[in-house]
Amino acid sequence: MPNSSEQKPNWFRRLLTPPAYSDEDLARAARLLHAILLIMWVVVVVSAVPSIVLAGDKLVSILIWVALVIPVVLATVLLHAKHVKAASTVFIIGAWLLLTGSTLPFGGSVSPTVNSYILLVIIAGLLLGGRGAIVTALLNITTLTVLLLLTEAGLISQPVTPTKPADIWANVSIGVGLGAALLYLTTKNINQALTSARRTSAALQQTNRELNTIRASLEERVTERTAQLNVSAEVAQAVSSILDPTELISQVTRLIVERFNLYYAAAFLVDEDSEFAEMVEATGRAGQTLKERGHRLELSGPSMVGSAIATRRPRIAQ
């Protein structure tokens with residue numbers, strides 16, 4: 001049984017590895033969200049303790065960081081449970097709640113933090129696609145409209161500028177972290193899309209080459225088959241028009257050589273005792289010489305001609 005020291009690296013490695021999906025869209029969204037969450041965890045680990053220690057109101061600073069960590073934790077758990085859409089939705093809603101809550105102390109619609117709503121729309125587009133970006137944009141516009149009405153009605157206090165070094169440092173750290181994450185993910189996504197497009201193009205070209213090869217092969221087979229049918233038709237015509245067996249065999253042998261572009265062909269007939277296959281016709285000078293010599297093959301011998309006649313089956317040799 002593995003001890004705890006062996007389990008920790010495995011657990012830590014799983015935490016650093018995005019879940020795998022067979023669907024390419026889900027796999028891409030999982031990788032994007034995983035990268036964003038890792039950067040958010042880095043921001044939390046690096047910024048939380050110094051910000052709380054240096055903050056004037058430590059309780060408020062702790063509450064802010066808790067509000068930031070909760071959606072990150074929930075999104076991480078859902079992501080590794082392979083609920084990538086739910087994890088993306090939880091993260092975006094949590095980020096929206098945190099962003100909206102952080103604008104209230106700094107003047108609502110005139111708060112400098114409202115610019116981060118643009119980042120939220122970009123993140124939603126990367127994780128949830130075009131519809132997610134549109135829904136998030138409409139939500140942000142509605143939120144900004146409500147904040148504007150509350151500000152005009154005097155229900156939101158005057159802007160309070162964050163002058164504490166810890167507050168400024170925390171805001172800048174989060175902004176830089178998110179900006180770096182979006183830039184990295186956007187660039188990586190574009191590179192992956194280009195790589196995928198190149199692979200798809202190469203695969204299509206290979207497929208086209210294979211299809212052209214298959215088409216050429218089929219055309220060649222059709223041509224060969226057509227030639228065979230033509231030869232069969234000519235042989236049938238010769239059989240029906242030529243009554244002399246010797247002349248018929250000569251014509252058929254000649255047609256086979258000419259139409260199939262062969263260099264040699266020969267015809268054999270079985271003798272009266274069914275012991276030998278006697279050559280009765282052959283093409284070329286060598287064939288004529290063998291014919292004049294009375295060339296014959298024993299049916300029970302090792303020759304291919306004898307074997308084909310004896311078994312009444314074709315014999316083929318390369």
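What is the mean pLDDT of the protein chain, and what percentage of its residues reach 70 or more? In this predicted model, the mean pLDDT of the protein chain is 78, and 81% of the residues reach 70 or more.

Confidence varies along the chain, and the table sets out the two elements with the lowest and the highest mean pLDDT.

| Element | Residues | Mean pLDDT |
|---|---|---|
| Helix 1 (lowest) | residues 4–16 | 57 |
| Strand 1 (highest) | residues 266–270 | 92 |

Over residues 4–9 the pLDDT falls below 50, and this stretch has one contact in the model once near neighbours in sequence are set aside. Where pLDDT is low, the predicted coordinates should not be read in detail.

Strand 1 also belongs to an open sheet of three strands, which follow the order 1-2-3 with antiparallel pairing. Because strand 1 and strand 3 (296–298) stand at the edges and each has a single partner strand, one side of each is left without a neighbour in the sheet. From one strand to the next, the twist averages 30°. Strand 2 (residues 276–282) and strand 3 run antiparallel and are joined by three bridges; in strand 3, Arg296 is the bridge partner of Glu278.

A residue in a helix offers another view of the model. Thr136 lies in helix 5, which covers residues 116–152. Thr136 counts as buried because its relative accessibility is 6%, and the cut-off for buried is under 20%. Leaving aside residues up to four places away in sequence, Thr136 touches Ile92, Leu120, Val121 and Ala124.

Definitions and conventions
Residues numbered from 1 in each chain as written. Predicted model: local features only at pLDDT ≥ 70, side-chain atom pairs only at ≥ 80, totals over all residues. Heavy atoms only, no water. pLDDT = per-residue confidence, 0-100. Helix = DSSP H or I, 4+ residues; strand = E, 2+ residues; numbered from the N terminus. Contact = heavy atoms within 4.5 Å. Buried < 20%, exposed > 50% of the residue type's maximum accessible area, 1.4 Å probe, protein only. Pairing = 2+ DSSP bridges. Axes fitted to C-alpha atoms, helices over the stretch in contact; angles between N-to-C directions.
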